[in-house]
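Dear colleague,

I am handing over the structure we discussed, and my notes on what was found in it follow below. Please read them with the model open beside you.

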Amino acid sequence: MPRWCDCNQPMNLEIRTVIFAKKIEVKNVPIFSCMSCSTYEVLKPVKAHLTEYLEAIELSLNDPYQVVFFSDIDEVASLFSDLYKRNVEMDSEKIGDIVEAFKEERINLLLDVYQCALQMNDESWMRDTQRRLEQLSQFQFEEHFSEAG
Ligand SMILES: [Zn+2]
């Protein structure tokens with residue numbers, strides 16, 4: 001099912017650089033955008049994490065301008081930027097199944113990584129991997145469409 005804009009045009013799924021408060025440039029943010037009125041919205045399942053992340057950056061902000069990669073800290077953003085790099089067609093009607101398959105693949109990979117971290121007894125690595133696994137397993141692409149408007 002497509003995501004509809006308020007102007008009644010279907011919205012496209014994209015990976016975009018978003019600039020906040022003219023001083024934080026966040027790359028690899030998955031968004032829905034409308035080509036006819038240039039409205040965009042951050043994908044709902046990552047929005048809270050992005051807000052949290054920006055607040056943390058702002059608190060530690062010494063540089064007048066920062067460039068960060070959201071895909072480095074958010075598994076869902078990372079998944080979408082991988083899809084984008086592989087030139088997977090970002091058709092919101094078809095992408096649900098592709099995203100699910102990708103998600104499975106990455107979860108399996110992260111489980112292997114976790115085993116590795118466990119064997120090396122590396123606690124910060126284990127925590128990091130666990131956090132990534134949680135982000136991924138909680139992510140439901142369909143969630144974005146469940147809310148009207
Ligand atoms: Zn629009």
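The buried residues of H5 (buried meaning under 20% relative accessible area with a 1.4 Å probe, protein chains only) pack against helix H1 (44–59), helix H2 (70–73), helix H3 (75–85) and helix H4 (95–119), where contact means heavy atoms within 4.5 Å. Those buried residues are Met126, Thr129, Arg132, Leu133, Gln135 and Leu136. Helices are DSSP runs of H or I with at least four residues, and strands are runs of E with at least two, numbered from the N terminus.

This is a predicted model, in which local features need pLDDT of at least 70 and side-chain atom pairs count only at pLDDT 80 or more, while totals for chains, interfaces and linings use all residues. Residues are numbered from 1 along each chain as its sequence is written, and side-chain values use heavy atoms, with hydrogens and water left out.

Turning to the metal site, the zinc ion is coordinated by the SG atoms of Cys5, Cys7, Cys34 and Cys37, at 2.2 to 2.3 Å; donors are N, O and S atoms within 2.8 Å of the metal (3.2 Å for Na, K and Ca), and sites may look incomplete because water is not among the atoms. The arrangement is tetrahedral because the four donor atoms subtend angles of 104 to 117 degrees, the criterion being that all angles lie between 85 and 135 degrees. Cys34 is buried, with a relative accessible area of 4%, whereas Cys7, at 32%, counts as partly exposed (between 20% and 50%). In sequence, the donor residues are spaced C-x1-C-x26-C-x2-C.

With best wishes

Methods: Tetrahedral: all angles 85-135°; square planar, octahedral: opposite > 155°, others 65-115°.
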